[in-house]
Amino acid sequence: MVKILVYPSNSLILADLVARFGHEPLTMMRVIRRKIKEVGIDSPPINVTPEDPKRGLKYAAVDVPSGVRGRMALLDPLIEEAEAAIIVHEADYSFGCMGCARTNELAKYVIRNKDIPRLELVYPTNDDEAREFVRKIRDFCKSLTSTAEVTA
Amino acid sequence: MTRKIRIAHLSCGSEYSGVQKEIQDAVEAVNAEIVFPEVDTEDIKDAVKEWGLEVASPDLQLMIARAKSIVDGSSPVDAVFISTCFRCAEAAITRSELRRYIHERAHLPVISYSFTERTTAGTLLTRMEALVTTALRRTLLAREKQTGLTAGIDSGSTTTKAVIMRDNEIIGVGWVETTEVLKSAESAYTTALTMAGVDKSEIQALGTTGYGRLLIGEAMKAELIQEELTVNSKGAVYLAEKQKGPATVIDIGGMDNKAIAVIDGIPGSFTMGGICAGASGRFLDMTARRLGVDISELGPLASKGDHNRVTMNSYCYVFGTQSLVNALSLGATKEDVASAACYSVAEQVYEQQLQELEIVAPVIMVGGTSLISGLVEAMQDLLRVSVIVPRYSQYIGAVGAALLASGFINEQQEKA
Amino acid sequence: MVSDETTKMVVLAESSPILPSELALRAYELSTDAVVKETCYGLIVTGSEKSVDETIKELRKLDPSGIFVKDRGFPPGDSRRCRAVRGGGPRPGFHQLERESNILPNISYGLENIEEPSDVKGREKRKKLTIDRFIEIIEEQSKEDVNG
């Protein structure tokens with residue numbers, strides 16, 4: 001089983017397909033779950049505190065807006081753990097963690113610069129495209145399994 | 001109990017900067033509540049297209065759709081708070097245009113703020129208080145004449161001012177440097193009372209404003225404790241006799257600067273800024289000391305100089321001063337240096353704050369710095385409109401407080 | 001609260017013959033420790049990771065290609081994300097979920113017909129006109145305008 005970072009990291013379709021094809025999806029929802037359970041922090045709604053944008057300095061300097069750095073801090077554990085990545089484009093209804101275009105540009109850049117297998121595709125708009133979409137993800141997942149077996 | 005004011009929060013990034021709780025706390029402190037206007041997913045793209053600003057960030061698109069739902073009347077709210085990350089160009093454009101759009105179309109009070117992770121509830125409190133006051137206390141703010149015998153105290157970061165008014169006339173004033181907040185207030189108040197020839201016990205109502213308003217207001221049992229944004233705009237149009245129609249009030253203070261777009265004496269939208277000392281009255285104070293002149297002489301000196309003859313490399317309090325010192329050592333005249341200092345402050349306020357407001361004549365400059373003629377001239381030059389500096393402009397907050405406090409005499413008399 | 005408490009959303013594709021109520025009924029029958037909440041799009045399942053996974057494994061069997069699952073950060077009814085408490089407006093992930101829900105029938109179709117040959121040519125890219133052809137068009141058009 002390979003840990004696959006999905007982007008948008010809150011995608012239902014990507015999380016489902018990755019799990020369905022036998023791997024572990026790395027999603028924002030898990031990060032948020034950990035965050036909101038942190039004891040002793042009361043910073044609703046998602047317990048992001050001013051410390052998070054500071055942690056985000058790992059990815060961008062202080063002249064980059066705090067919202068970008070805060071979001072990058074949330075993505076950090078996913079990027080760190082990722083052994084592979086699937087990025088889907090044209091995710092124009094992604095708000096919140098995925099709602100900042102500058103963060104999305106930076107995050108994708110950071111992921112692309114990581115030496116891990118990567119699949120990039122666009123959201124399907126009809127049945128044929130969806131079949132292709134599902135097949136590509138399945139094949140990508142399969143290729144990871146065989147690589148993982150070989151390395152093991 | 002009065003109902004809670006509903007403040008619509010249009011935001012990008014506040015939850016991820018760790019400041020949402022601070023915003024929430026500031027809103028709760030003024031007995032208001034945050035609401036997020038409802039929008040359908042399908043409507044977001046259409047709203048953005050119709051509004052016409054092509055922004056890439058989905059959260060900014062959501063802000064636009066929410067603003068449209070406020071303007072269309074689908075989301076009933078009393079006021080709007082727009083907040084986005086500091087240093088984001090895309091967000092700054094959206095924020096400033098949305099502010100104008102909502103204010104013009106929905107006639108609601110709007111404030112906008114660009115935050116960093118260091119923004120605290122304390123920083124936001126004055127703004128929230130003003131937002132709620134303009135939404136809630138329109139009757140109080142509609143008062144155009146002072147009645148009875150009232151007093152106003154303005155506890156600023158640099159100076160404390162007091163004013164005594166009787167039947168729409170200023171009969172006593174007091175002005176001291178702020179040291180200990182309460183002591184300074186008492187001292188300014190006593191001076192004003194002595195000048196007016198009245199005893200403290202005769203004062204029918206007292207209003208306090210400025211940084212120390214809460215402390216002084218509680219200690220002196222003031223009838224009105226009010227932030228300086230609403231009080232100053234009221235005081236400005238009152239003293240300038242421009243109570244009807246639009247006006248723009250500019251107040252360059254010791255610690256922060258206020259620019260307020262006023263309509264019929266009520267602030268419509270405003271900006272309050274001032275992280276930088278280089279854009280404050282203190283910079284001019286320091287320049288005067290460097291030049292070895294009294295602050296009261298700096299204005300006339302600047303009027304005789306030409307700012308173009310001095311190169312200012314920075315707006316900064318420290319490095320800007322360095323430029324002035326260098327200019328003096330290179331043979332620049334005191335007049336030119338004084339003019340350059342005034343121009344530097346005016347230009348910074350113009351570039352950083354006034355761009356967010358629609359500057360509508362009459363433009364009224366108030367506060368202690370409005371007495372520095374060189375600064376007023378520099379502002380006139382930049383805005384290309386003539387600027388009014390009313391008599392007693394340095395007492396603006398105290399006058400506004402005394403004027404508004406007289407509203408409470410009537411209330412008490414009616415009750416009795 | 002269980003220390004490894006986890007929450008997952010079970011989302012039905014619009015094309016699925018299964019109803020949220022049927023999902024809920026099946027979940028109750030399983031009598032795992034997981035708590036189930038029926039929603040308009042399917043279910044929210046909360047409990048220990050083991051019980052949630054067991055429940056979901058069984059639920060998927062009802063319609064393998066029409067049921068989709070993802071984690072949810074907040075447990076159901078958490079006041080920090082509750083619409084009533086936070087003053088209206090859906091939580092940020094809602095619009096994304098709604099948008100993805102719209103294409104779930106396509107994804108279901110893709111899963112069912114994954115081995116079918118497909119003739120997707122890729123989305124057509126608009127080609128740029130050559131400058132020579134553009135000049136020709138301008139000339140043709142201006143002639144027409146003059147004659148017309």
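The radius of gyration used here is taken over C-alpha atoms, and the globule rule it is held against is 2.2 Å times the number of residues to the power 0.38. Keep that handy for the exercises below, which work through a predicted model.

**Exercise 1. Set the radius of gyration of chain C and that of chain A against the globule rule.**

Step 1: start with chain C. For its 148 residues, a compact globule would come out near 15 Å, but chain C has 25 Å.

Step 2: look at the extents. The C-alpha trace of chain C spans about 80 × 45 × 25 Å along its principal axes.

Step 3: do the same for chain A. A compact globule of 152 residues would have a radius of gyration near 15 Å, and the 16 Å of chain A agrees with that. Its C-alpha trace spans about 45 × 40 × 30 Å along the principal axes.

Step 4: add burial. In chain C, 34% of the 148 residues count as buried. In chain A, buried residues make up 51% of the 152.

**Exercise 2. Work out how many helices and strands chain A and chain C have, and in what order they run.**

Step 1: count. Chain A has 6 helices and 4 strands. Chain C has 6 helices and 4 strands as well.

Step 2: read the order. Along the sequence, chain A goes β-α-β-α-α-α-β-α-β-α. From its N terminus on, chain C goes β-α-β-β-α-β-α-α-α-α.

Step 3: check the sequence range of the contacts. Take pairs at least 6 apart in sequence: in chain A, 59% of these contacts join residues at least 24 apart. For chain C, the figure is 63%.

**Exercise 3. Find which residues of helix H2 (residues 41-51) of chain B are buried, and say why they lie on the same side.**

Step 1: pick out the buried residues. They are Ile44(B), Ala47(B) and Val48(B).

Step 2: check the geometry. These residues cover an arc of only 95° around the axis, so they sit on the same side of H2(B). The spacing fits the usual helix rule: an α-helix has 3.6 residues a turn, so residues three or four places apart point the same way.

Step 3: flip to the other face. Turned away from the buried side are the exposed residues Asp46(B), Lys49(B) and Glu50(B).

Step 4: ask what lies over the buried side. Helix H3 (58-71) of chain B is included in what covers the buried residues of H2(B).

Step 5: look just past the end. Right after H2(B), Gly52(B) takes a positive phi of about 100°.

**Exercise 4. Describe the contact between chain A and chain B from the side of chain A.**

Step 1: tally the residues. The contact draws 24 residues from chain A and 21 residues from chain B.

Step 2: find the elements. On the side of chain A that touches chain B, those giving two or more residues are helix H3 (51-55) and helix H4 (66-81) of chain A.

Step 3: sort by class. That side of chain A holds 11 nonpolar, 7 polar and 6 charged residues.

**Exercise 5. Split chain B into its domains and look at where domain 2 touches domain 3.**

Step 1: lay out the pieces. Chain B is divided into domain 1 (5-136), domain 2 (145-229 + 401-415) and domain 3 (242-389).

Step 2: place the pair. The C-alpha centres of domain 2 and domain 3 of chain B lie 27 Å apart.

Step 3: count the contact. Domain 2 of chain B gives 5 residues and domain 3 of chain B gives 10 residues.

Step 4: classify the domain 2 side. Its residues divide into 1 nonpolar, 4 polar and no charged.

Technical notes
Residues are numbered from 1 along each chain as its sequence is written. Chains are lettered from A and ligands numbered from 1 in the order in which they are written. This is a predicted model: local features need pLDDT of at least 70, side-chain atom pairs count only at pLDDT 80 or more; totals for chains, interfaces and linings use all residues. A residue is buried if 20 or more other C-beta atoms lie within 10 Å of its own, exposed if 12 or fewer, and partly exposed in between; C-beta atoms are placed from the backbone. The arc is that of the directions from the helix axis to the C-beta atoms. Two residues are in contact if their C-beta atoms, placed from the backbone, lie within 7 Å. Ala, Val, Leu, Ile, Met, Phe, Trp, Tyr, Cys and Pro count as nonpolar, Asp, Glu, Lys and Arg as charged, and the others, Gly among them, as polar. Domain bounds come from an automatic or database domain assignment.
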